[in-house]
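Student: I would like a close look at a single part of this model. Please keep to what the coordinates support.

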Amino acid sequence: MKKVLITGWYGTETAGDKAILGEIVFQLKKHNPKIKIFLTSIDIRLSWCTRDEMELDIDYIDINDSVNFLKNNNFCSLIFGGGPLMDSSKIKIIHNLFKVSNEKQMTNVIYGCGVGPIKLRKNKKLISSILKLSDIAFFRDNISQKLAIDLGLNKKKSFQACDPALNYVLRYKQKSDDSLKTNFDKIPILIRKTTKEYGNGL
């Protein structure tokens, strides 16, 4: 692959999303150091901070502009990674990205995600369509994989593997342990209130 677009809930920046992004970028660069990576963002200002903090060689596009951006540019692959396929005000945009990608005969990838919570019927239909438009998908737990298949994902395109964030964290730790003078002694985090889709009453 020479040029890819990554989408997900980036620009909200949980520590897990950042680790998943770091792993996706690492694996893509490992296979092609010259690959061009674009990332959709809900809040580009916050994503810029992540790029600087993690020293990521990527470019950003506002998620609200991403469908037209994809239509007007040539990419090899669309990757959904970072956060689960779940109820979100942006899920329709991501669905439209997958439709455009499919029309352009790109490779659609679900990368190490979970599935749910999905409480709204309209979002369930959109997520089902995203899964059906995917060429390959791997999930971080058995329940998510089973739910994805129940929602219409082709079983032959479905796999289960460890959360990609875990591999990133293990490599991050090893780099810290191997260095006498390390820049990894402080990790910025964003703590936010649990959002209503999790329905825990908090």
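Student: What covers the buried residues of H4?

Tutor: The model is a predicted one, and the description below is computed from it. The cover over the buried residues of H4 includes strands S1 (3-7), S2, S4 (77-80) and S5 (107-113), together with helices H3 (66-71) and H5 (121-132).

Helix H4 itself takes in residues 91-103. Its 13 residues, at 1.5 Å a residue, should span 18 Å, and the end C-alpha atoms lie 18 Å apart, so the expected and computed spans agree. The buried residues of this helix are Ile91, Ile93, Ile94, His95, Leu97, Phe98, Val100 and Ser101.

Ser101 shows the burial at the level of one residue. Ser101 belongs to helix H4, and it counts as buried because its relative accessibility is 0%, where the cut-off is under 20%. Leaving aside residues up to four places away in sequence, Ser101 touches Leu70, Leu78, Met106 and Asn108. Just after H4, Gln105 adopts a positive phi of about 60°.

One of the covering elements, S2, can be followed further. Strand S2 (residues 36-41) pairs with strand S3 (residues 59-62) in the parallel sense, over 4 bridges. Within that pairing, Asp62 in S3 is the bridge partner of Ser41. Helix H2 (residues 44-54) joins S2 and S3 in a β-α-β unit, and this unit is right-handed. Strand S2 is thus part of that unit and is also among the elements that cover the buried residues of H4.

Terms used:
Residues numbered from 1 in each chain as written. Predicted model: local features only at pLDDT ≥ 70, side-chain atom pairs only at ≥ 80, totals over all residues. Heavy atoms only, no water. Pairing = 2+ DSSP bridges. Helix = DSSP H or I, 4+ residues; strand = E, 2+ residues; numbered from the N terminus. Right-handed = clockwise from strand over helix to strand, strands pointing away. Expected span 1.5 Å × (residues − 1). Buried < 20%, exposed > 50% of the residue type's maximum accessible area, 1.4 Å probe, protein only. Contact = heavy atoms within 4.5 Å.
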